[in-house]
Amino acid sequence: MSVFMQPIYTQTAGSGGIGSMAFNNIPQGYNDFVVEISARTGNSTIAQPIFIQINGSGQPAGTHAVTTMTGTGATVTSGRSFGYTGDFLYAGNMIPDSSATANSFSNVRITVRNYTASTYKPVEIEGIAESNVASGMAITDSGAVYLNSKPITSIYIAAGNFTFAQYSTFTLYGISQQYATALPSTPSIGAVTDQAGFASVAFTPASNDQAVSYAITTNPSSSTTYVPASPALVPTTVGTSTTYQVAAVNNLGSSSSTASSSITTANNYTSLGTVYTASNLSDQFRFTNIPQGYQHLQIRLFSRSINTGGTYATCYMGFNGEIFSGSNYANHYVYGDGASTSYGNATAAGQGNIPNLPWNAVTANYFAVTIIDILDYSNYFKAKTVKTISGWDANGTGRAQFASFSWNSLAPISAISLTPDGGWGAYSHAALYGIG
Amino acid sequence: MAAQTTYTPIATVTATGSTNAYQFSSIPQTYTDIVLIGYCRSAQSAVNPGLYVRPNSGTGWSWTYLFGNGSTFASGRSTLNTGDGAAGIIIGNSATANVYASFETHFLNYSNTTTYKPYLTMSCAETGGAGGTYLWAATTNSTAAINNVIIYNDSNSNWMVGTTFTLYGITAA
């Protein structure tokens, strides 16, 4: 029986390279999927290992088991890792590095069989890092098992702490062993809605359409997005009138719908919610159920504190229900108070620090301006970094402050709490925005 | 949470080279915040002239700043209507050609008539060997809503061609 191999997504590293590659929202309509990698990285030990993370971080202990066999031209070694407690599967040396002959790239294939099944998933990885030097060749075969019965919806690929070099390519293919007997039936395009930098494209598949996935294309052409079902979330060019078509795809070809009505996305800065208090409030400001469809978050805070316990008032930020617990946060700050400057840090803290607000003894009506940027808040492979600029002036006292903190967690941020020393002064408000 | 797109351009000015001050007046009172974004170079014969951003015709302010220039950092303040009150430094005409400064000023809750109005300016002027970064916090010391903002620089020098100032409105859900 013939095998149908459908390219789903490809990316080539541009100037400066890329730190990692992730395929998310993998269509669930195929039997198997394959990732082909032609890459080079920046370490200096000839061949660099490849690391794979399946279905994001937070996997339970013992998620991966892997056996490797590596030949260098002079030696052969084999190793095994079982019950590995980290999130990453170590798949052996197969990426040429900076000491390899110029222009040498890997040839790596990752194959995952039956990836939508409710059984454990076998993973095959084979690759070479051949660089035409005596000590530089490595040929590695790895067999691994992903010890989880959940369907695989994402795969993340890295080379340790090193960047994949320019011209490295990563391509995801879906493989179907169920050979279609006819072109897929044409789907019907539905409504398209603005999602601030994305468009949500609804469509209706035809009955028994023999499709294995659906491809959404744009006019003007900017991208092709493959999805297993409606609706599709498609990146857009902000401010450009765009139409969308959906095509059903199988091994024999594709059948495209008519074009949607055109839509022009307004911009990529979206107000998500506001918390406000008209009177003094001894409680937190909270944002919950934060949508995950944006690139970054910004909080614009207009506030003062009712703290009476000292000559300052710090605001504390926590993510996903954490606050004043654990040791996941690390803080740094620098400020000027009009007469002097100071700086400091706090590591292994239970909260992020948002710098000083006017406190109760500061004359009424004086408020601080605080702009908080949270980058890449929804990713699951980076710790989160927060940047704050803030200041206030009360005609004789005041602060101008830069601050940052990190949250050492790979979990996407879905909730934020803000807690000032003493509580919020009347008329304080915090507004949350999604960007990109 | 209900989502709505925002960050709406209200007005933009582009310098002609013969004007020393630009004012945004009759600012709509319908937004939650306004943000002023500047990309600018002065005809002043200095490397880093001062930048001045004044709401409501430039009276009643006090301020506190933090400044760093690569070798030192410092903080200072003024009380009500004392001191010159530069909100930062920009690029002057004796700096390397084609180099411009950038700044952003955030006016939060600018249209309310209950509280004083804090505003925060971050400016960056980098010329490759000179320059600095300012963070400048100021207050109007008045409960009046902000309905105009004026921008000028040292010695009322002209803004050079290529300078742009844009005022945006942001609406919170």
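**Briefing: salt bridges, core and interface**

A:D283 and A:R286 are joined by a salt bridge between their side chains, with an N to O distance of 3.1 Å. The model that contains this pair is predicted. Over all chains, the search of the whole structure gives 7 salt bridges. Chains A and B also meet, with 47 residues of chain B in contact with 53 residues of chain A. The points below cover the charged pairs, the nonpolar core, the interface, chain B and some local backbone features.

**Salt bridges within chain A**

- Side chains of opposite charge can pair when their charged atoms come close.
- In the pair named at the start, A:D283 counts as partly exposed because its relative accessibility is 34%, between the limits of 20% and 50%. A:R286 is also partly exposed, with a relative accessible area of 45%.
- A second salt bridge joins the side chains of A:K382 and A:D376, at 2.4 Å from N to O. A:K382 is partly exposed at a relative accessible area of 36%, whereas A:D376 is buried at 16%.
- One network, made by salt bridges that share partners, takes in A:D32, A:R113 and A:E124.
- Within that network, the side chains of A:E124 and A:R113 meet at 3.0 Å, N to O. This pair links distant parts of the chain, 11 residues apart: A:E124 belongs to strand β9 (residues 121-128) of chain A, and A:R113 to the loop between β8 (107-112) and β9.
- A:E124 is partly exposed at 31% relative accessibility, and A:R113 is partly exposed with a relative accessible area of 32%.

**Nonpolar core**

- The largest nonpolar core holds 38 residues, and A:I110, A:I155 and A:I157 have the most contacts inside it.
- Strand β7 (residues 89-96) of chain A gives the largest share of this core, 4 residues.
- Apart from its neighbours within four places in sequence, A:I110 has contacts that include A:F33, A:V34, A:V35, A:I37 and A:I52. Also among the contacts of A:I110 are A:V123, A:I125, A:I155 and A:I157.
- A:E124, a member of the salt-bridge pair with A:R113, is another residue in contact with A:I110.

**A buried glutamine in chain A**

- A:Q351 sits in the loop between β25 (341-349) and β26 (352-354) of chain A.
- Its relative accessibility is 13%, under the 20% limit, so A:Q351 counts as buried.
- Leaving out residues up to four places away in sequence, A:Q351 touches A:Y316, A:M317, A:I323, A:F324, A:Y329 and A:N331.

**Interface of chain B and chain A**

- About 3,700 Å² is buried between the two chains, and carbon and sulfur atoms give 65% of this area.
- The rule finds 1 salt bridge across the interface. The side chains of A:R300 and B:D33 meet in a salt bridge at 2.7 Å, N to O.
- There are 16 residue pairs in polar contact across the interface, with both residues at pLDDT 80 or more.
- Several strands of chain B each supply at least two residues of the side that touches chain A, including β4 (33-40), β6 (62-68), β9 (101-108) and β10 (118-126).
- The strand that gives the most to this side of chain B is β7(B), with 6 residues.
- By residue class, the side of chain B that touches chain A has 24 nonpolar, 20 polar and 3 charged residues.

**Chain B**

- Chain B has 0 helices and 13 strands.
- Of its 173 residues, 51% are buried.
- For contacts in chain B between residues at least 6 apart in sequence, 77% join residues at least 24 apart.

**Local backbone features**

- The peptide bond between A:N219 and A:P220 is cis, with omega about 5°. A:P220 is in the loop between β15 (213-219) and β16 (224-227) of chain A.
- A cis peptide bond also runs from A:S230 to A:P231, with omega near 0°. A:P231 is in the loop between β16 and β17 (232-235) of chain A.
- A:Y427, a residue other than glycine, has a positive phi near 80°. This residue lies in the loop between β30 (416-420) and β31 (429-435) of chain A, and A:Y427 is partly exposed at a relative accessible area of 32%.
- B:N98, also a residue other than glycine, has a positive phi near 70°. B:N98 is in the loop between β8 (88-89) and β9 of chain B. At 69% relative accessibility, over the 50% limit, B:N98 counts as exposed.

Note on methods
Residues are numbered from 1 along each chain as its sequence is written. Chains are lettered from A and ligands numbered from 1 in the order in which they are written. Side-chain values use heavy atoms; hydrogens and water are left out. A nonpolar core is a set of buried Ala, Val, Leu, Ile, Met, Phe, Trp, Tyr and Cys residues joined through side-chain atoms within 4.5 Å. Buried means under 20% relative accessible area, exposed over 50%, partly exposed in between (1.4 Å probe, protein chains only). Contact means heavy atoms within 4.5 Å. Buried area is the accessible area (1.4 Å probe) that two parts lose on being put together, summed over both. A salt bridge is a side-chain nitrogen of Lys or Arg within 4 Å of a carboxyl oxygen of Asp or Glu. A polar contact is a pair of N or O atoms within 3.5 Å; within protein, one must be able to donate a hydrogen and the other to accept it, and residues adjacent in sequence count only if both atoms are side-chain atoms. Ala, Val, Leu, Ile, Met, Phe, Trp, Tyr, Cys and Pro count as nonpolar, Asp, Glu, Lys and Arg as charged, and the others, Gly among them, as polar.
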